[in-house]
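Work through the exercises below with the sequence and the model open side by side. Each task is followed by a solution that goes step by step.

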Amino acid sequence: MKDNGGVWITGVGLATPLGSDLGEFTANLLAGRCAIRRVTKMAIAGHPSQIAAELVDIPRPQAVDEAVWVKHAPLEQLVLWCMIRALQNGDLWERRQSLPIGVVLGLGAEWPYFWERYWFAWEHERVAPGRPAALQIHKQDCHLPERPLVHRVCEQLGLDGPRVTIAAACASGNYALGLARQWIRSGRVAVCLAGACDLPVTPLSMSCFGNLRALSRRNDQPQAACRPFDRQRDGFVMGEGGAVFVLEAEEHARRRKAEPLAAILGFGASSDASHLVIPNSDPEPAARALRLALADARIGPEDINYLNAHAPGTPVGDRCETRVVQLVFGEAAKRVPVSSTKSMTGHGVTAASALEAAACIGALRAQAIPPTINLDDPDPECDLCHVSREARPARLQIVASNSFGFGGSNTMLILKRVA
Amino acid sequence: MIKYGGQQVKTSVPGVGAEATQVLRAKLIAWSSGAFTRRQLQRLRTELRLPNGETLPAAFVRHAEEQTIAGLAATLQTWSEMSQSLPEAQNWGVIAAPEYFGREATWSALQRYSQEGASAISPHLIPNHCLHSLAGSLSVLLGCRGPNYGIGGGPRQFVELLLAGLGEVQRDLAPGYWLVATAWRPAPPELSASGFDEPICLALALAICREDFPLVTWRARLSWYSWPRLFDSASSDESVLGLDNFVRALYGARITSPTKEHAETISWYIPRTGLLELRREEVAVSGQNETDYQEVAA
């Protein structure tokens, strides 16, 4: 395999309820601000969980005309915003058509998203005359796409490189970054956009996750609902957003004097192979992902200065992840600071690990660790070195992000500060 | 020259001159494909046997998407036909590319939601009917602890499976990968619960690993000149690197495409098993060299 050495992240585009640029997002995380509110985008009565961190307004990039913009569905707008902002932030916008730029995009429910919009746009005429629709969508704004979103967006932006849509449930973003890094290291492309986007606050996903009893039912206390590692946690809270990064061969980035946000130092992935939903009670399969990432980065657990945990705030998930971290980190588990930014962003599902990679980059740049808010009474079965309630200044060189997902997916991404 | 099945077939490709710079290779250890009716898929839910001889778990039988059953059937067939046991089978990865996965379940769920509300929605909908579900299900059923994820999801995104899979084998996360593709034919034109008299579910399972795996016989190159051409899923011409054409080629039908001058030509040919190579050729800057696609017996 051709190995061009390091892979840098040289640009980021993101849209979250806590900000649509890295600086604002990081500042809000470090301030411990929570984006979780009562759901407003859909009729939520009758749902077990009625709260979420919704992305209500997706900013329009100046590069896209208003008339074109409004024809896109919100998911398409989100992807466009993130990709355009990433290219602009990475100072590649003007050069995007002269480079073969690859795209690896995590989209876990692209087609169901469009089917659902289509259904609700026509619902009045189908089964519920006279009844308000669960989603207010105008028929003229709703078409079933004929081609995949990643291709439509690449064509719109004039990107001429390999492109794939990837779905590993909540670990999709980490997988996207891992695969894009591989494409760069093998010399296939010098530049690749990678990340993930999701808008899961929809009638079906709120119903399904709610009936699965995966979502918090603390509807009367939205800001206190997501409580990773806390003894009183009762499930995760749905979140929305997206983050796309410019990944680039170090050599290429140096040549064009690009400013690195971070370097991707390691990636590991494995599967539980035990259950589609419930994490394996045996920590070994997930530990394999962490060990592979550490080996890839050629570091030991004690070299990690901050771990952004997957920790969605479900009773089982947080406990299982703790066991995995304790198994792999050993004594270092007592010293490596850990937090879950999902306590503030909610769980972005497909987008979660991309948002958390952005949180890690923000932490590296700010030299401070965002807290797990609402961690008032740590669960003794989640005995880790928690950064709770308030951000903590720290010397951060290497940070890691765990992401696990349905289908038994386990991943770890390791990032390094580039001086 | 390409050797195939003891024959030599000359295939010249105009416009190819410079050495290719972007190549992905993997060994195709084994493959199987199937085409199933709905009735057959229903029967397979109870008839399929896992490699250890056990029947499928009851919960899986109840909730699995039809494409998952088809993909599993093709994978199990490949597994059973391999002349050698898989090295470190428990650490293999699974990458799956279904088309319009979960469409009918989503349709039914939307009807129920409109009629009965949130409480009527099955908690199994997302775990079993989203793009990641086929790969996740195979990982669980086959006990594969390597990476698992879904790819594509839309119409004719088979090529993305090859891009991802042949990329994955180059790193050390797993000793090999199951690449599984499934699709209904004819493809569903729009969201609709019914519409075809007898739709067929195609399924293909490839077992691939790194090129240093022993016992390789043949090499196949799948070449093209520009990325957009490779992703031309709107085109119906037979040069498109899609599931249907790939299966045809595996069974021996040679796939060619109309050649245009300096064009975005795809030319590909697949042996039954061997070295599978996905290669982006650089168009020669000057002249029109003719380059033969090479052979090879390893």
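**Exercise 1.** Determine how many bridges join strand 4 of chain A to strand 6 of chain A, and in which sense the two strands run.

*Solution.* Six bridges join strand 4 of chain A to strand 6 of chain A, and the two run parallel; strands here are DSSP runs of E with at least two residues, helices are runs of H or I with at least four, and both are numbered from the N terminus. Two strands count as paired if DSSP finds at least two bridges between them. One of the pairs to locate is G102(A), whose bridge partner in strand 6 of chain A is C192(A). On the numbering, residues count from 1 along each chain as its sequence is written, while chains are lettered from A and ligands numbered from 1 in the order in which they are written. The model is predicted, so that local features need pLDDT of at least 70 and side-chain atom pairs count only at pLDDT 80 or more, whereas totals for chains, interfaces and linings use all residues.

**Exercise 2.** Find the other pairing of strand 6 of chain A, with strand 8 of chain A, and decide whether the residues on the two faces of strand 6 are buried or exposed.

*Solution.* Strand 6 of chain A pairs with strand 8 (residues 241–249) of chain A over eight bridges in the antiparallel sense, and within this pairing C197(A) has G242(A) as its bridge partner. In a regular strand the side chains alternate between the two faces of the sheet. For strand 6 of chain A, one side carries V191(A), L193(A), G195(A) and C197(A), the other C192(A), A194(A), A196(A) and D198(A), and all of these are buried. A residue is buried if 20 or more other C-beta atoms, placed from the backbone, lie within 10 Å of its own, exposed if 12 or fewer do, and partly exposed in between. Because eight of the eight residues of strand 6 (residues 191–198) of chain A are buried, the strand is largely enclosed by the rest of the structure.

**Exercise 3.** Describe the surroundings of G106(A), which lies in strand 4 (residues 101–106) of chain A.

*Solution.* G106(A) counts as buried because it has 34 C-beta neighbours inside 10 Å. Beyond its neighbours within four places in sequence, G106(A) is in contact with residues including I166(A), A167(A), S172(A), G195(A) and T350(A), where contact means that the C-beta atoms, placed from the backbone, lie within 7 Å. The C-alpha atoms of G106(A) and A194(A) are 7.9 Å apart, although the two residues are separated by 88 residues in sequence.

**Exercise 4.** Establish which helix of chain A gives the most to the side that touches chain B, and which strand of chain B is joined to strand 5 of chain A.

*Solution.* Begin with the whole interface, in which 62 residues of chain A are in contact with 56 residues of chain B. Helix 8 of chain A gives the most to the side of chain A that touches chain B, with eight residues. By class, that side has 34 nonpolar, 20 polar and eight charged residues; Ala, Val, Leu, Ile, Met, Phe, Trp, Tyr, Cys and Pro count as nonpolar, Asp, Glu, Lys and Arg as charged, and the others, Gly among them, as polar. Strand 5 of chain A is joined by two bridges to strand 6 (residues 148–151) of chain B, and these strands run antiparallel. In that strand of chain B, G150(B) is the bridge partner of A167(A).

How values were computed: Two residues are in contact if their C-beta atoms, placed from the backbone, lie within 7 Å.
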